[in-house]
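Student: Hey, got a minute to walk me through this one? I'd like to start inside and work my way out.
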Amino acid sequence: MIEVQDLTKSYGTVTAVDHVSFTVNKGEILGFLGPNGAGKTTTMRILTSYMPATSGTARVAGFDVFSNSMDVRRHIGYLPETPPVYPDMSVESYLDFVARIKNVPAERRADRVSDALRKTSLEDKRSELIKRLSRGYKQRVGLAQALVHDPDVIILDEPTVGLDPKQIIEVRNLIKGLAGNHTIILSTHILPEVSMTCDRVVIINKGKVAAVDTPQNLTSQLKGGQKIRIELEAPERGLRELLGQIPGTSRLTIESPRADGHLSATVEAAQGNDIRSQIAARVVEKGWPLYELHGVSLSLEEIFLELTTDDAAHAQPSS
Amino acid sequence: MHSLYAIYRKEMGNYFVSPVAYVFIGLFLFLSGFFFNIILTDVTNGAMMAEMRGMSSGIDVPGIVMRNFFGVLSTLVLFLTPILTMGIYAEERKRGTMELLMTSPVTEIEIVLGKFLASLSLFAIMLLPTASYLTFMVLHSDPRLPWRLMFAGYAGILLLGGSLLALGSFLSSLTENQLIAAVMTFAASLFIWVLDLGRGGNAALGSVLQYLSVIHHYEDFTRGVIDTSSLIYYGSFIVLFVFLTVRSVDSMRWRRA
């Protein structure tokens, strides 16, 4: 549905997007993850044919964003970072206006507007002036605006920013509900959002793609193998010795003893070598009370930091 | 065309939903009514005085009133159009709604024409009530003043207003700041207003500058003369600035914002 090839955008000497390539399949939700200023918004603006790329190509719904810009615009719904609303309009008349400029035929317009209102739970606010709405409702109006013409592709720039936790969950569910019929790209710098809503993630940093994969794969493909967390009652030195005897362990960190005398420790082990049973057996052998023993997968947050800070470290000397 | 109409409709809606149109029209009608009253009283008094002195004058009271009134209207227009156009693009850019328009299947020409026609319509609606003053005057004039004078005057003020609105829209598209847009529009309008004052002694330069002055052509209209060269002047003025606005809107895509 979306094919991006070697997309580059420079503003003068600054390269905001640097040879970015990825594809999005029909019905998929793609997360666009990166720190602020990574080039997420610029990429989205190119995909919506708001601005032209410096080089490279992008095709949305089979149309080139530059040479078939009008066709692309007919097939996309776009929510920019700040919802593009007119404060003096009522929610309904605003959506009617958007439906008009998106070429929704007159006979379908009322239905489409009601449908967008229903999907974003804005029905009871339909005749409210937009300027009287709270930030969260404005954001929903922005979402409704992106849906009103039932586009094939929906592009959402940080759709949950500025919402309260309950609204965030609602918006995420709404987005998930849209997948299948619509192809969705959403950008965010909030990691859990990606693991909760997206089928695939593009991690972008300093304009370059750092990784493309499913959230699960990114999480399991952790560098140092598996991580195990233990909570028990034991002398610190004894624990160090015991874990040292197990082959393949590394990077043992023991947190300072807690008030109740329990020790918490994390140990890393090489991949494909499940040492949890060995640890359990040896701890029990010593007669130490064991409270907790479980494997921790590297969170997306850690992968993200690893990918982006590695990059930053490489980039530093050259600049 | 559908999109042009949608933009036009939205603009008109925004004028009349917010207080903008009402304040604007109210202010304009107050001032124009005030001046009409003064002009009418002054000219009638002058004519009566002349008659009392026995100079059974050939003073054309309604004709003078009409000419002076259109003169006053043009001055009001000079002050009011910058306020009308200042937000036309500046506001959209600031709110980020320009991004919505420019990622919708709408061409730049449709955006610009829709907005221009809406501002021109508001301008025409604002002028409409003043026609009642002149209609009454014409109906009660003896010998009857030709209607042509009134229609030519309104044609002139619409063309003059249209030109200043086109200029103001263009300047508004250059900035995100409404105040800057208003001040620039006022300064630029004033400049093309008084352009023919700068002719000095040079006759050739003088006639060129006079042709370029936006108010010079308007004076023909207030005398009931519709000159083709004036129509061409205002027509090309409007087309030029609408075109420049289209280019300026298009160039927003290349700017970093």
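Student: Which residues does A:Y94 touch, leaving out those up to four places away in sequence?
Tutor: Keep in mind that this is a predicted model. In it, A:Y94 touches A:P84, A:V85, A:Y86, A:M89, A:I130, A:V141 and A:Q145, plus B:L100 from chain B.
Student: OK, and which members of the largest nonpolar core touch the most other members?
Tutor: A:Y94 again, along with A:F22 and A:I185. That core has 120 residues. There's also a second, separate core of 24 residues, and A:L33, A:L147, A:L156 and A:L186 are among them.
Student: Why would nonpolar side chains gather like that?
Tutor: In soluble globular proteins, they tend to be buried together.
Student: Switching to the outside: which residues make the nonpolar surface patch of about 340 Å²?
Tutor: That one is made by B:V208, B:Y211, B:L212 and B:I232. Helix α10 of chain B, residues 203-212, gives the most to the patch, with three residues.
Student: Where does B:Y211 sit?
Tutor: In helix α10 of chain B.
Student: Why does B:Y211 count as partly exposed?
Tutor: Because its relative accessibility is 33%, and partly exposed covers the range between 20% and 50%.
Student: New topic: is A:R132 buried or exposed?
Tutor: A:R132 is exposed, because its relative accessible area is 59% and the cut-off is over 50%. You'll find A:R132 in the loop between α4 (106-119) and α5 (135-147) of chain A.
Student: How far apart are A:R132 and A:P87?
Tutor: In sequence, 45 residues; in space, 8.0 Å from C-alpha to C-alpha.

Note on methods: Residues numbered from 1 in each chain as written. Chains lettered and ligands numbered in written order. Predicted model: local features only at pLDDT ≥ 70, side-chain atom pairs only at ≥ 80, totals over all residues. Heavy atoms only, no water. Core = buried A, V, L, I, M, F, W, Y, C linked by side-chain atoms within 4.5 Å. Buried < 20%, exposed > 50% of the residue type's maximum accessible area, 1.4 Å probe, protein only. Contact = heavy atoms within 4.5 Å. Patch = residues over 30% accessible without salt bridge, like charges linked within 9 Å, V, L, I, M, F, W, Y side chains within 5 Å. Areas by Shrake-Rupley, 256 points an atom, 1.4 Å probe, with all protein chains shown as cover. Salt bridge = Lys/Arg side-chain N within 4 Å of Asp/Glu carboxyl O. Helix = DSSP H or I, 4+ residues; strand = E, 2+ residues; numbered from the N terminus.
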